[in-house]
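The exercises below ask you to work from a model towards its details, one step at a time. Please keep the sequence and the coordinates open while you read the solutions.

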Amino acid sequence: MSKEQNSLMDKIVSLCKQRGFIFQSSEIYGGLKSAYDYGPLGVELKRNIMNEWWRSMVHEREDVTGIDASIVMHPKVWHASGHLAGFSDPLVDCLISKERFRADKAPQPKVGEELPISCVDKGQAKAYQEAIKKRFEIELRRNGKTLEGLRVIDEKTFGFFETDSDVSATTFPYAGYVGPTFGCPFLSEERQFNLMFRTQLGPVDVLNRISKFMENNRDADSKAIREGVDEIVKESAVYLRPETAQAMFVQFLNCQQSMSMKVPFGIAQMGKSFRNEITTEHFIFRSCEFEQMEMEFFVEPGTQHEWLDYWRDKRLEWWKSYANHPEKFIYRKHDADELAHYADACYDIEYEYPWGYDELEGVASRTDYDLKKHAEHSGAKLSYFDQQKEDPKTGKMGWRYTPYVIEPAAGATRGLLVYLLDAYHEETVKDAKGNDSTRVVMKLHPRLAPIKAAILPLVKKEGLPEIAREIVADFFKAGINVKYDENHAIGKRYRRHDEAGTPYCITVDGQTKEDGTVTIRDRDTMAQERIPAKEALRIVQERLVNS
Ligand code: ATP
């Protein structure tokens with residue numbers, strides 16, 4: 001980051017603390033790494049962002065329904081989704097397909113054997129061929145949906161061989177195994193992944209059982225101890241969800257049947273997720289506890305690409321619609337070598353952060369992978385029957401299929417950071433003495449702003465506070481969050497509310513007592529106009545609706 005960009009982040013972090021948007025968690029105890037508390041203004045801003053998302057994704061749509069699932073789910077959910085695989089066994093990532101698998105269960109081609117990479121179809125073969133060419137500078141031969149040219153040379157090396165050549169053109173380190181689905185030997189190092197936070201369900205302290213086991217197995221080697229302890233822990237282990245998405249797959253049938261939803265339809269959820277991130281960075285951009293806003297949209301197989309484009313555009317427009325700088329939001333298509341093996345296409349919606357473009361939301365076409373995996377692991381029939389459609393296989397009316405899924409998955413807390421960055425504005429204005437001073441304004445969209453209006457008596461006497469409190473009561477009755485504020489000189493109060501992002505300041509002054517009017521000041525232009533005090537609520541309401 002350049003100095004200037006760095007300083008924008010520093011300014012945001014310090015304003016967040018000063019104005020009460022975000023505090024470091026447990027600050028008086030020295031803070032907890034990468035944990036944050038949303039303060040009096042932050043909690044309002046976060047709720048407003050999430051409520052706006054819910055309004056556009058659930059309330060305003062006939063084809064989406066919402067849920068609020070428990071954070072701790074049955075551990076089998078995480079077995080089926082693949083999240084649990086890395087807990088006790090070393091895992092490896094295929095660098096091409098992104099498939100994650102257990103090294104000890106992978107196929108182990110022997111010295112001299114060919115290493116064909118078997119793809120799902122010709123399109124994927126082409127994409128993987130290009131990805132390998134880009135990354136490893138070799139062009140494998142395509143034979144239908146198989147990529148050829150690789151062979152194991154010895155226990156530690158595999159090579160690329162041109163047609164009819166016995167001499168390898170290039171060699172690579174061989175792990176002794178290949179990815180189970182595609183047979184690909186381009187792999188990451190083995191790693192122990194502990195992405196999920198583990199805890200124990202039930203009142204029995206698992207440590208007692210572990211110490212007994214240790215006492216009875218004093219001579220066991222470290223592998224046997226690890227396996228034994230693992231077995232004990234596993235019996236009562238549960239996990240904090242690392243994403244909100246899985247609940248929508250698991251509750252697919254209940255939601256579809258209880259609400260008589262017809263494909264295409266979606267299930268939306270927002271809430272906390274937890275990830276033991278290896279690197280936490282950029283303030284609240286990547287933290288271990290965060291909030292997500294996700295939707296699984298179930299579609300007929302074959303229509304997924306149209307729907308992917310639809311949701312990509314919808315979501316990008318949504319983010320832009322609350323921004324001062326919509327040009328800073330873009331989408332980026334995933335390259336073939338970035339795609340998860342179950343996804344057939346994916347876009348990231350990105351924002352231009354001070355450190356460059358980075359992810360804000362992922363919009364992925366996840367095929368029928370998730371529903372099929374949960375059907376396989378649970379035995380539930382997670383499919384959909386469309387009476388009006390002809391089964392393409394039999395030609396008869398009535399088609400039962402596993403829906404494909406489009407998933408727009410956004411970060412709520414990451415979105416909050418984006419809107420803080422977007423809102424931060426400094427300008428030079430004259431102060432009361434005519435000197436230049438810097439005015440900091442958080443130009444938050446009025447519907448996102450934590451406080452919608454500040455109601456300010458010019459002085460704390462002469463009956464002005466009473467009139468101001470009557471106006472406040474009107475707003476509260478209408479469910480609009482306003483703040484009564486009488487401390488400090490009026491200019492200072494305006495500045496404080498500029499920094500809080502309050503779009504309107506309504507001031508009660510001497511004239512109010514004479515003609516019943518108040519001033520309304522616009523945060524961005526600082527323009528003031530007189531309006532009847534009795535009209536203040538209606539005028540602010542109208543401005544909020546039309547903003
Ligand atoms: P990243 O690559 O940035 O870690 P991801 O691809 O793992 O994100 P997803 O699993 O697609 O993220 O989650 C959807 C959204 O949730 C992300 O686009 C991001 O906005 C948010 N998100 C994911 N991880 C975190 C985190 N650790 N802290 C804050 N927000 C997060």
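**Exercise 1. How many helices and strands are there in the protein?**

Before counting, note that this is a predicted model, in which local features need pLDDT of at least 70 and side-chain atom pairs count only at pLDDT 80 or more, while totals for chains, interfaces and linings use all residues. Residues are numbered from 1 along each chain as its sequence is written, and side-chain values use heavy atoms, with hydrogens and water left out.

Step 1. Helices (H or I, at least four residues) and strands (E, at least two) are taken as DSSP runs, numbered from the N terminus. With that convention the protein has 15 helices and 28 strands.

Step 2. The C-alpha trace spans about 95 × 65 × 50 Å along its principal axes. The exposed surface of the protein is about 27,500 Å², of which carbon and sulfur atoms supply 49%; accessible areas come from the Shrake-Rupley method with a 1.4 Å probe, and for residues only the protein chains shown count as cover.

Step 3. Of the 547 residues in the protein, 48% are buried, where buried means under 20% relative accessible area, exposed over 50%, and partly exposed in between (1.4 Å probe, protein chains only). Among the contacts (heavy atoms within 4.5 Å) with a separation of 6 or more, 64% come from residues 24 or more positions apart.

**Exercise 2. Describe the largest nonpolar core and place one of its members in context.**

Step 1. A nonpolar core is a set of buried Ala, Val, Leu, Ile, Met, Phe, Trp, Tyr and Cys residues joined through side-chain atoms within 4.5 Å. The largest such core holds 57 residues, and those touching the most other members are Phe21, Trp53, Met293, Trp319, Phe329, Tyr419 and Leu420.

Step 2. When residues up to four places away in sequence are not counted, Leu420 touches Ile12, Cys16, Phe21, Ile22, Leu45 and Met442. Apart from this core lies another, of 32 residues, which includes Val233, Phe252, Leu371 and Tyr401.

**Exercise 3. Which residues are closest to the ligand, and which strand gives the most to the shell around it?**

Step 1. The ligand is surrounded by 15 residues, the closest being Glu277, Arg286, Ser287, Glu359 and Leu360; a residue is near a molecule if one of its heavy atoms lies within 4 Å of it.

Step 2. At least two residues of the shell come from each of β15 (289-299), β18 (356-365) and β21 (404-411), and β18 gives the most, with four residues.

Step 3. By type, the shell divides into five nonpolar, four polar and six charged residues. Here Ala, Val, Leu, Ile, Met, Phe, Trp, Tyr, Cys and Pro count as nonpolar, Asp, Glu, Lys and Arg as charged, and the others, Gly among them, as polar.

Step 4. An N or O atom in the side chain of Arg286 is 2.3 Å from an oxygen atom of the ligand, a polar side-chain atom of Gln292 lies 3.1 Å from a ligand oxygen atom, and for an N or O atom in the side chain of Arg414 the distance to a ligand oxygen atom is 3.0 Å. The protein covers 80% of the 580 Å² of accessible area that the ligand has on its own.

**Exercise 4. Is His334 buried or exposed, and what does its side chain join in a polar contact?**

Step 1. His334 sits in the loop between β16 (329-333) and β17 (345-353), and His334 counts as buried because its relative accessibility is 18%.

Step 2. The side chains of His334 and Asp348 are joined by a polar contact of 3.1 Å, that is, a pair of N or O atoms within 3.5 Å; within protein, one must be able to donate a hydrogen and the other to accept it, and residues adjacent in sequence count only if both atoms are side-chain atoms. Leaving aside neighbours within four places in sequence, His334 is in contact with Leu339, Cys346, Tyr347 and Asp348.

**Exercise 5. Examine the backbone in three loops.**

Step 1. Val263 and Pro264 are joined by a cis peptide bond, with omega about 5°, and Pro264 lies in the loop between α8 (252-258) and β14 (265-274).

Step 2. Asp164, although not a glycine, has a positive phi of about 60°. Asp164 belongs to the loop between β10 (157-161) and β11 (168-173) and is exposed, with a relative accessible area of 80%.

Step 3. Met526, also not a glycine, has a positive phi of about 65°. The loop that holds Met526 runs between β27 (517-522) and β28 (528-532), and Met526 is partly exposed, at a relative accessible area of 31%.
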